[in-house]
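Here is a friendly walk through one protein chain, told as questions and answers. Have the sequence and the model open beside you as you read.

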Amino acid sequence: RIAFAHSIPSKILPIRLADYGGSILCKKGSFICGDPNIKIEVAASKTWKTGFFGSQGLLLQRLSGGELVLIGGGGSLVRYDLRPDEIIKVSPSCVLAFSESVDYEVEFVGSNIFGLGGLFFTIFKGPGTVYLQSMNFDNLISQIKSRIPSRSNSSSSSSNDK
């Protein structure tokens with residue numbers, strides 16, 4: 001027996017590359033392992049906008065050259081099989097992997113209501129397969145941090161208890 005795990009809490013998705021034309025694009029950091037022939041490359045952006053906004057969470061790797069890869073994604077994993085010209089728009093943080101037959105770009109849609117940075121969508125246009133995750137690692141850390149009491153609150157509450 002052999003066991004594999006991702007470095008963060010996640011679900012593991014096995015992908016047979018032959019089912020996707022021999023390669024797949026996945027979010028940087030999602031690759032766990034693959035057979036010895038797997039090639040891992042940085043995926044070139046299709047447009048300058050995609051590359052420019054890549055810092056918003058769409059940094060990609062191309063996995064090719066082998067038969068089987070395991071990738072990890074957080075929360076629930078959802079598969080969408082897009083028909084030709086079918087479009088979905090998602091947050092870049094939800095993107096896990098997609099077939100290279102899918103066209104994609106990242107679009108700036110404006111500032112959020114609190115003025116804290118911009119809002120972006122990743123736009124996918126079929127045909128092809130897109131895998132989404134419901135929670136990425138950065139969101140998980142933010143949720144954990146928000147539930148940890150600060151030192152100032154814990155020390156003031158302990159002094160009130162005396």
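The turns below go from the whole chain to one sheet, then to single residues and charged pairs.

Q: What kind of model is this, and how are its residues numbered?
A: This is a predicted model, in which local features need pLDDT of at least 70 and side-chain atom pairs count only at pLDDT 80 or more, while totals for chains, interfaces and linings use all residues. Side-chain values use heavy atoms, with hydrogens and water left out, and residues are numbered from 1 along each chain as its sequence is written.

Q: How many helices and strands does the chain have?
A: Helices (H or I, at least four residues) and strands (E, at least two) are taken as DSSP runs and numbered from the N terminus. Counted that way, the chain has three helices and twelve strands.

Q: What percentage of the residues in the chain is buried?
A: Buried means under 20% relative accessible area, exposed means over 50%, and partly exposed is in between (1.4 Å probe, protein chains only). For the 162 residues in the chain, the buried share is 34%.

Q: What share of the contacts with a separation of 6 or more joins residues 24 or more positions apart?
A: A contact here is a pair with heavy atoms within 4.5 Å. Among contacts in the chain with a separation of 6 or more, the share from residues 24 or more positions apart is 78%.

Q: What is the strand order in the open sheet of three strands?
A: Two strands pair if DSSP finds at least two bridges between them. In this open sheet the pairing is antiparallel, and β1 and β3 (31-34) are the edge strands, each pairing on one side only. The twist averages 25 degrees from one strand to the next (axes are lines fitted to C-alpha atoms, and angles run from 0 to 180 degrees between N-to-C directions). The order is β1-β6-β3.

Q: How many bridges join β3 to β6?
A: On the other flank, β1 and β6 (residues 68-73) pair in the antiparallel sense over six bridges, with Pro-14 partnered by Leu-70 in β6. β3 and β6 also run antiparallel, and the bridge partner of Phe-31 in β6 is Ile-71. The number of bridges joining β3 to β6 is three.

Q: Why is β6 described as largely enclosed by the rest of the structure?
A: Gly-72 has its place in β6, and Gly-72 counts as buried because its relative accessibility is 6%. For the strand as a whole, β6 is largely enclosed because of its buried residues, which number five of the six.

Q: Which residue in β6 stands opposite Ile-12?
A: Ile-12 is found in strand β1 (residues 11-16) and is partly exposed, at a relative accessible area of 38%. Its opposite residue in β6 also lies 8.7 Å from Pro-9, C-alpha to C-alpha, though 63 residues away in sequence. That residue is Gly-72.

Q: Is Gln-61 buried or exposed?
A: Gln-61 is found in strand β5 (residues 60-64). Leaving aside neighbours within four places in sequence, Gln-61 has contacts that include Ile-24, Cys-26, Phe-31 and Ile-40. With a relative accessible area of 17%, Gln-61 is buried.

Q: Which residue forms a salt bridge with Glu-100?
A: Side chains of opposite charge can pair when their charged atoms come close. A salt bridge is a side-chain nitrogen of Lys or Arg within 4 Å of a carboxyl oxygen of Asp or Glu, and the whole structure holds four of them. In this one the closest N and O atoms are 2.9 Å apart, and the pair links the loop between β9 (95-99) and β10 (103-111) to strand β5, 38 residues apart. The partner of Glu-100 is Arg-62.

Q: How many residues apart in sequence are the parts tied together by Asp-85 and Lys-125?
A: Asp-85 forms a salt bridge with Lys-125, the closest N and O atoms being 3.6 Å apart. Asp-85 lies in the loop between β7 (77-82) and β8 (87-90) and Lys-125 in strand β11 (residues 118-125), so the parts tied together are apart in sequence by 40 residues.

Q: What is the N to O distance in the salt bridge of Asp-81 and Arg-79?
A: Asp-81 is partly exposed, at 46% relative accessibility, and Arg-79 is partly exposed at 46%. Their side chains meet at an N to O distance of 3.0 Å.
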